[in-house]
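Q: I am new to this structure and would like a careful, close look at one strand. Please also set it beside a few other places in the model, so that I know where to look next.

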Amino acid sequence: GVVPTLVQAVQKKLEKAKNASMPYAEAMGTWRRFSPYYTERHLKFRDALRTFLAKELRPFAKKWDDEATLPTRDLDKRLADGGIIACLVAAEKGIGDLLRKHDIKLPGGIQAEDFDYFMQLIFNEELKVGVDGCSGLGAGYFGGQSIGLPPLLKFGTPEMIEKYAVPVLKGEKRICLAISEPYAGSDVAQIKTTATPTADGGWLVTGTKKWITGGMVADYFTTLCRTEKHGTVMLLVERDDGTTLSPKPIKTSYSPAAGTSLVTYYNAYVPPERLIGKVGDGFKQTMANFNFERWMMIVSGNRHARLVVEECMRWALSRRVFGKALIQQPVIRYKLAEMAAAVEAVHSMLEDLTYQMCNMTPAEINKHLAGTIALLKYKQTRAATVVADNSCQIFGGRAITQSGMGYVVEKFQKSFKFQAILGGSEEIMADFAIRQAMRKVENMPARL
């Protein structure tokens, strides 16, 4: 009949478009023939990473995301054996000796000493592709660990790192970061979770943490606390049977596969050996982590937006409206151009920012680039808003349908605003960026 014939024709065009290379689909832009930033090692790393994730993760990502499948020890072990978990922190200073000591290898035979911020950029981009744009799944499987582990590696003792970080790198344990609270989001200084010293030098932790990514499956919680007399402290709190530490699931816009949780501490005991860094330095340690967390969010968020641009390009080539292909409509080409321009602008600034990071120490990055990172995070989430609006109009009803051809766009609609809130809201990022920039102006007539 006529209907099956039309369906077959559409499917044939979709398949042809699916196999075609789309403009602006790759992170470096298909128009860019030469780059001052990427070496053969970077390209080799990207190929190895993409091959591994295409086999182990991407074919199952949508199903796991839809079914709210939490990560298993078996999958964690496979990811660890593939070097994926180590990549989350491979840019950390001195990590190479630790990885070699425990025979933990990175994809593509890359050595940790060669793992610069462009490697980290490639990793976060490919991870977003590997989870097929399923942000809930990506956050639960990797996001919590990527922000929970660095404070331990940066400020923990060698003994702590051996005992608690290595099992995470091997896929035997999981870790997350517990900072935000019901009444303290971007305003971290207002946290109320309290650590009380004990006679043996340990701590008793009481309070509540909220929106903790990966908390439902974490074994360790890197937790920021206030104290009565000693300022703030960062403590590694271990999961128990629920008696003193109880995570409960929070339903958010994206998949419960994120393991987002409300974590309640009831006099949770933390022995002296699990103090991360120095007493009184908890807030400073948190801030040291924030700039890198925000940078990673920029990378991941812009790659997700690019995935959506790619889907829109494919759909515009295959979909017919009013007797001709959607791509032949001027308004559609305008929307595609607006999206591509927004994504490419963010990426160009991101590459320049990343190059600066590659030539600075972490202390210099925190001193000189904090405002720029905040500004780009703001810009990226504004660009994502343009992509969300335009892609929804291009896909129409399919953009709000969970199955079928528009699912990448549908999932983007439910998750892109996370980027504008987590790690510092848009408004706070924009304000912080300008205040940081104005600090360099001599003879300021007003105090900001």
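A: What follows begins with one strand and its pairings, and then turns to other strands, a pair of helices and some single residues.

The model is predicted, and everything said here should be read with that in mind. The strand to look at is β4, which takes in residues 220-226. It is mostly covered, since six of its seven residues count as buried, that is, they have under 20% relative accessible area.

β4 pairs with strand β1 (residues 175-178), to which it is joined by four bridges, and the two strands run parallel. To find this pairing in the picture, start at I175, whose bridge partner in β4 is Y220. β4 also pairs with strand β5 (residues 232-238), here in the antiparallel sense and over seven bridges. For this pairing a useful starting place is R226, whose bridge partner in β5 is T232. Following the chain from β4 to β5, one passes through a hairpin with five residues between the strands, and in its turn G231 has a positive phi of about 75 degrees. As general background for following a strand by eye, in a regular strand the side chains alternate between the two faces of the sheet.

A further hairpin can be set beside this one. Strand β2 (residues 194-197) and strand β3 (residues 203-212) pair in the antiparallel sense over four bridges, and P197 stands opposite W203 in β3. This hairpin has five residues between its strands, with G201 taking a positive phi near 95 degrees. β3 is also joined to strand β7 (residues 261-270) by seven bridges, and these strands run antiparallel. W203 is worth following here as well, as its bridge partner in β7 is V270.

Turning from strands to helices, α7 (residues 117-130) packs with α12 (residues 330-358) at an angle of about 140 degrees, and the two axes are 9 Å apart. Because of that angle, α7 is classed as oblique to α12. On the α7 side the contact is made by Y117, F118, L121 and E125, which meet a set of residues in α12 that includes H347, L350, E351 and Y355. The residues of this contact divide into seven nonpolar, two polar and two charged.

The loop between α6 (95-101) and α7 holds K105, and D103 lies in that loop too. K105 has a relative accessible area of 53% and is therefore exposed, while D103, at 56% relative accessibility, counts as exposed as well. Their side chains make a polar contact with each other at 2.5 Å. Leaving out residues up to four places away in sequence, K105 touches G82 and G83. The backbone of D103 also deserves attention, as its phi is near 55 degrees, a positive value in a residue other than glycine. Most residues other than glycine have a negative phi. Y24, in the loop between α1 (2-19) and α2 (40-56), likewise is not a glycine but has a positive phi, of about 65 degrees. With a relative accessible area of 29%, Y24 is partly exposed.

Two residues in helices complete the tour. D76 lies in helix α4 (residues 73-81), and its relative accessibility is 1%, so D76 counts as buried. Apart from residues up to four places away in sequence, D76 touches P71, I85, G171 and R174, and with the side chain of R174 the side chain of D76 makes a polar contact at 2.9 Å. D76 and Y141 are 65 residues apart along the chain, yet their C-alpha atoms are separated by 8.5 Å.

E410 lies in helix α15 (residues 407-415), and at 7% relative accessibility E410 also counts as buried. The side chain of E410 makes a polar contact with the side chain of K414 at 3.2 Å. When neighbours within four places in sequence are set aside, E410 is in contact with A399, I400, T401 and Q402.

Conventions. Residues numbered from 1 in each chain as written. Predicted model: local features only at pLDDT ≥ 70, side-chain atom pairs only at ≥ 80, totals over all residues. Heavy atoms only, no water. Buried < 20%, exposed > 50% of the residue type's maximum accessible area, 1.4 Å probe, protein only. Polar contact = N/O pair within 3.5 Å; in protein donor to acceptor, adjacent residues only side chain to side chain. Contact = heavy atoms within 4.5 Å. Pairing = 2+ DSSP bridges. Axes fitted to C-alpha atoms, helices over the stretch in contact; angles between N-to-C directions. Parallel < 35°, antiparallel > 145°, perpendicular 65-115°, else oblique. Nonpolar A, V, L, I, M, F, W, Y, C, P; charged D, E, K, R; others polar.
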